[in-house]
Amino acid sequence: MFVRELSREECIGLVSSNHIGRLACARNDQPYVVPIQYAYSTNRLYGFSMPGRKVDWMRTNPRVCVEVDELAGRESWKSAVIYGRYRELADTREGHDEHMHAWSLLEKRTNWWEPGGLKPVEEGVAAASHHLFFVIDIDEMTGRAAGEDRVDLASH
Ligand SMILES: Cc1cc2nc3c(=O)[nH]c(=O)nc-3n(C[C@H](O)[C@H](O)[C@H](O)COP(=O)(O)OP(=O)(O)OC[C@H]3O[C@@H](n4cnc5c(N)ncnc54)[C@H](O)[C@@H]3O)c2cc1C
């Protein structure tokens with residue numbers, strides 16, 4: 001197996017053609033990682049969530065990391081690691097346009113709101129009302145790809 005680095009354009013291609021990533025945040029030296037659905041647009045990831053641990057932690061420490069990957073086989077994969085900052089999109093007069101932009105990008109996927117909009121049933125319906133949109137402004141992105149041989153790797 002050979003591994004190579006992805007260019008920035010290849011990283012953008014990988015991130016924009018996928019919609020599931022692993023979002024890592026940290027508080028008091030404790031990392032926390034959860035899968036999320038996102039939409040990529042011009043150096044930003046847009047997401048939808050209910051309040052909870054990750055939102056609490058990202059409000060305290062907005063520095064986050066997101067990993068996105070495509071696995072074609074054990075020796076054929078691509079992944080991107082994004083370093084960025086969390087920002088909540090308030091549905092205010094000033095924030096309205098970006099709020100609507102996030103909504104319009106995310107709603108392109110069927111049932112887009114479901115994974116971020118539902119909590120375990122025992123938490124009750126009351127918890128299911130205060131959803132929010134957020135954005136991760138990308139500071140840095142790295143990528144790697146693996147292939148079985150050099151030729152396969154170049155075309156992968
Ligand atoms: C494919 C996929 C897409 C998803 N897309 C989104 C999305 O777009 N937006 C979104 O907000 N959520 C999404 N989720 C759900 C997400 O992974 C979290 O479960 C959810 O956001 C709750 O996180 P929280 O920090 O608010 O947890 P809380 O409800 O505050 O609960 C915290 C507790 O639950 C545990 N916990 C939370 N989530 C998980 C989990 N997934 N697996 C195991 N333990 C968990 C924590 O360890 C902690 O003990 C998605 C999940 C999957 C699998």
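Where does Asn 28 lie? Keep that one in mind for Exercise 1; the model throughout is a predicted one.

**Exercise 1. Place Asn 28 and Asp 29, then look at their backbone and exposure.**

Step 1: Start with location. Asn 28 sits in the loop between strand S2 (20-27) and S3, and Asp 29 belongs to the loop between S2 and S3 as well.

Step 2: Check phi. For Asn 28 the angle is near 50°, a positive value in a residue other than glycine. For Asp 29 phi is near 65°, again positive in a non-glycine residue.

Step 3: Add accessibility. The cut-off for exposed is over 50% relative accessible area. Asn 28 has 72%, so it is exposed. Asp 29 has 80%, so that residue is exposed too.

**Exercise 2. Sketch the overall layout of the chain.**

Step 1: Count the elements. The chain has 5 helices and 8 strands.

Step 2: Put them in order. Reading from the N terminus, you get β-α-β-β-β-β-α-β-β-α-α-β-α.

Step 3: Get the dimensions. The C-alpha trace spans about 55 × 35 × 30 Å along its principal axes.

Step 4: Look at burial and surface. Of the 156 residues in the chain, 36% are buried. The chain exposes about 9400 Å², and carbon and sulfur atoms supply 50% of that.

Step 5: See how far contacts reach along the sequence. Take contacts between residues at least 6 apart in sequence: 72% of them join residues at least 24 apart.

**Exercise 3. Work out which residues of helix H1 are buried, and what they pack against.**

Step 1: Pick out the buried residues. In H1 (residues 8-16) these are Cys 11, Leu 14 and Val 15.

Step 2: Ask how they sit around the axis. They cover an arc of only 95°, so they end up on the same side of H1.

Step 3: Find the partners. The buried residues of H1 pack against S4, S5, strand S6 (63-73), strand S7 (76-89) and strand S8 (132-147).

**Exercise 4. Do likewise for helix H3, then zoom in on two of its residues.**

Step 1: List the buried set. In H3 you'll find His 99, Ala 102, Leu 105 and Leu 106 buried.

Step 2: Look down the axis. The buried residues of H3 fall within an arc of 130°, so they line one face of the helix.

Step 3: Name the cover. S4, S5, S7 and S8 are included in what covers the buried residues of H3.

Step 4: Zoom in on His 99. Helix H3 covers residues 96-106, His 99 included. The relative accessibility of His 99 is 6%, which means it counts as buried. Leaving out residues up to four places away in sequence, His 99 touches Leu 89, Ala 90, Asp 91 and Phe 133.

Step 5: Zoom in on Ala 102. At 0% relative accessibility, Ala 102 counts as buried. With residues up to four places away in sequence again left out, Ala 102 touches Tyr 46, Leu 89 and Phe 133.

Step 6: Try a distance. Ala 102 and Ser 41 are 61 residues apart along the chain, and their C-alpha atoms are separated by 9.1 Å.

**Exercise 5. Set Glu 114 against that last pair.**

Step 1: Locate the residue. Glu 114 is in helix H4.

Step 2: Classify it. Its relative accessibility is 33%, so Glu 114 counts as partly exposed.

Step 3: Take the distance. Glu 114 and Ile 138 are 24 residues apart in sequence, with 25 Å between their C-alpha atoms.

**Exercise 6. Describe the two largest pockets.**

Step 1: Take the largest pocket. Its volume is about 350 Å³. It is lined by 21 residues, and the closest to its centre are Pro 35, Ser 49, Lys 54, Pro 115 and Gly 116.

Step 2: Trace that lining to elements. Strand S3 (30-37), strand S5 (44-49), helix H2 (53-60) and helix H4 (114-117) each supply at least two residues. S3 gives the largest share, 5 residues.

Step 3: Sort the lining by type. For the largest pocket it divides into 13 nonpolar, 4 polar and 4 charged residues.

Step 4: Move to the second largest pocket. It holds about 150 Å³ of space. Among its lining residues are Ser 16, His 19, Tyr 40, Leu 105 and Arg 109. Strand S4 (39-41) and H3 each supply at least two residues of this lining.

Step 5: Sort again. The lining of the second largest pocket has 5 nonpolar, 3 polar and 2 charged residues.

How values were computed. Residues are numbered from 1 along each chain as its sequence is written. This is a predicted model: local features need pLDDT of at least 70, side-chain atom pairs count only at pLDDT 80 or more; totals for chains, interfaces and linings use all residues. Side-chain values use heavy atoms; hydrogens and water are left out. Helices (H or I, at least four residues) and strands (E, at least two) are DSSP runs, numbered from the N terminus. Buried means under 20% relative accessible area, exposed over 50%, partly exposed in between (1.4 Å probe, protein chains only). Contact means heavy atoms within 4.5 Å. On a 1 Å grid over the protein atoms alone, a cavity is a set of points where a 1.4 Å probe fits but cannot get out, and a pocket is an open set with protein on both sides within 12 Å along at least five of seven lines; lining residues have an atom within 4 Å of a point. Grid points are joined across faces, edges and corners, and a volume is the space filled by probe spheres set on the points. Ala, Val, Leu, Ile, Met, Phe, Trp, Tyr, Cys and Pro count as nonpolar, Asp, Glu, Lys and Arg as charged, and the others, Gly among them, as polar. The arc is that of the directions from the helix axis to the C-beta atoms. Accessible areas come from the Shrake-Rupley method with a 1.4 Å probe; for residues, only the protein chains shown count as cover.
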